[in-house]
Amino acid sequence: MTLSVVLIVAVALGFDFFNGFHDAANSIATVVSTRVLSPRLAVAWAAFFNFAAFLIFGTKVAATIAEDLVKPGVFTNSVIVAGLIGAIGWDVVTWFVGLPTSSSHALVGAMGGAAVAHAGWSALIKSGYQKIAVFIVLSPIIGLLLAFTIMVSVYWIFHRHRKVERLNRGFRRSQLVSAAAFSLGHGANDAQKTMGVILVLLIANGIVPANSSVPLWVVLSAHTAIGLGTLFGGWRIVHTMGSKITKLQPVGGMSAEAAAAATLFFTAHAGIPVSTTHTITGAIVGVGTTQRLSAVRWGVARQVVWAWIVTIPGAFVLAWLAFQPFKAFT
Amino acid sequence: MRIGRRPLFFLATALVCLAILPVTPPEFRWVNLGCAGLAVFWAVLLTIEDVAGARRGQSRHEHPDLP
């Protein structure tokens, strides 16, 4: 393995770390806003389950990133570096302004931008981007509908219960499980994107064969990086997600996390890189909708939607720009 | 009769799912259809709830001595 490959792997793991820092706070937003866990404990809880995800899920999302977005042979070390610069740059900008955008879509957009700068529009695989674009819309809708359904079912099952304190204690406990499930889904989805990038790099440099699966050291290092990123977490985003979109009770937190976790399990199984941020936002809106539409603070939800719309083009442009200096050497 | 905003919200959600059906890869179209079906289901139930609530309010208005 050459020094340049080692350095790019380090940058990719740095992106994964920052992804945890930027995104994984979503895993703990509901559990913190309902005061089931202190922020410190919630972060440790989420980081542990981010890491543990490698034991449960396969690497289908990694395969999508590696094979379904850009035509084989287009990826070179400089394309991958420019893509990572674009994705990290976009994450930094949106983190700085406190927008809960998607690192997944930043990476997808940035890899596309770098590939187009290198080999033109024909470098992109349309069907891969189509699948991801459709699930940009569908993943929050699935989260919303599942969260609303779970919430209404819980109300329907327990509406005659009179011991509210005891019931609340139960929901608080169950929120620990739902938060863990969501962190598992998050780890599975987001760590795999980095695995996909590292796999592409290893293939481009002839270190592993073209049809190789993700090596175990890549799987472990990606999950470690995202777990550590979560541990050093982003508190601005916790604040935006947990309390600004709608006010949550333990039952609402549990429903939102369970719905988002189910959505992420499905997409990880289907190999679709989706945004954990989109999914949990949709689920929180679904919970708020059980009360009334005005319980949802649509101003913040709208801000989030704008962030979704601009992420892929924004990261695309940043990566395209980042590739320009490399053109002088190719 | 006035339909509340929540049934319309769910109806709009169902329409969004159906609108992107043509661009969804065939193997995932069941997700669009499932989501649209669930959204319509909730839109119908919430409409019934709204209508029943409005009737209850009206009958209370006409018979104020009712419990």
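**Briefing: chains A and B, a predicted complex**

In this predicted model, 23 residues of chain A are in contact (heavy atoms within 4.5 Å) with 20 residues of chain B. The predictor gives the complex an ipTM of 0.86 and a pTM of 0.84. Residues are numbered from 1 along each chain as its sequence is written, and chains are lettered from A, with ligands numbered from 1, in the order in which they are written. Local features need pLDDT of at least 70, side-chain atom pairs count only at pLDDT 80 or more, and totals for chains, interfaces and linings use all residues, while side-chain values use heavy atoms, with hydrogens and water left out.

**Confidence**

- Chain A has an average pLDDT (the predictor's confidence in each residue, from 0 to 100) of 83, and 92% of its residues score at least 70.
- Among the elements of chain A, helix α7 (residues 126–158) has the highest mean pLDDT, 91, and helix α10 (residues 235–244) the lowest, 52.
- Helices (H or I, at least four residues) and strands (E, at least two) are DSSP runs, numbered from the N terminus.
- For chain B the mean pLDDT is 85, and 81% of the residues reach 70 or more.

**Interface of chain A and chain B**

- The size of an interface is often given as the accessible area lost when the parts come together.
- Here the buried area (the accessible area, 1.4 Å probe, that two parts lose on being put together, summed over both) is about 1,800 Å², and carbon and sulfur atoms give 86% of that area.
- On the side of chain A that touches chain B, α7 and α11 (250–270) of chain A each supply at least two residues.
- The most comes from α7(A), with 13 residues on that side.
- Zero salt bridges (a side-chain nitrogen of Lys or Arg within 4 Å of a carboxyl oxygen of Asp or Glu) are found across the interface of chain A and chain B.
- Four residue pairs, both members at pLDDT 80 or more, are in polar contact across the interface of chain A and chain B.
- A polar contact is a pair of N or O atoms within 3.5 Å; within protein, one must be able to donate a hydrogen and the other to accept it, and residues adjacent in sequence count only if both atoms are side-chain atoms.
- B:Thr13, in helix α1 (residues 5–19) of chain B, touches A:Ile141 and B:Ala39, not counting residues up to four places away in sequence.
- B:Thr13 has a relative accessible area of 9% and is therefore buried (under 20% relative accessible area; exposed is over 50%, partly exposed in between, with a 1.4 Å probe and protein chains only).

**Chain B as a whole**

- Chain B contains two helices and zero strands.
- Chain B has 67 residues, of which 31% count as buried.
- Of the contacts in chain B with a separation of 6 or more, 56% are between residues 24 or more positions apart.
- The accessible surface of chain B (Shrake-Rupley method with a 1.4 Å probe; for residues, only the protein chains shown count as cover) is about 4,500 Å², and 67% of it belongs to carbon and sulfur atoms.

**Buried positions in chain A**

- A:Asn50 sits in helix α3 (residues 39–52) of chain A and counts as buried, at 0% relative accessibility.
- The side chain of A:Asn50 makes a polar contact with that of A:His186, at 3.3 Å.
- From A:Asn50 to A:Ile226 the C-alpha to C-alpha distance is 6.9 Å, with their positions 176 residues apart in sequence.
- In helix α4 (residues 60–67) of chain A, the buried residues are A:Val61, A:Ala62, A:Thr64, A:Ile65 and A:Ala66.
- The cover over the buried residues of α4(A) includes α6 (103–119), α7, α8 (164–204) and α11 of chain A.

**Salt bridges**

- Over all chains, the structure holds three salt bridges.
- One of the salt bridges joins the side chains of A:Asp68 and A:Lys131 (3.8 Å, N to O).
- A:Asp68 lies in the loop between α4 and α5 (77–96) of chain A and A:Lys131 in helix α7 of chain A, so this pair ties together parts that are 63 residues apart in sequence.
- A:Asp68 is partly exposed at 28% relative accessibility, whereas A:Lys131 is buried, with a relative accessible area of 10%.
- A:Lys193 and A:Asp190 also meet through their side chains in a salt bridge (3.4 Å, N to O).
- Both A:Lys193 and A:Asp190 lie in helix α8 of chain A, three residues apart, about one turn of the helix, and both are buried.
- In chain B, the side chains of B:Glu49 and B:Arg6 form a salt bridge (3.5 Å, N to O).
- This pair links distant parts of the chain, with B:Glu49 in helix α2 (residues 29–62) of chain B and B:Arg6 in helix α1 of chain B, 43 residues apart.
- B:Glu49 is partly exposed, with a relative accessible area of 44%, while B:Arg6 counts as buried at 16% relative accessibility.
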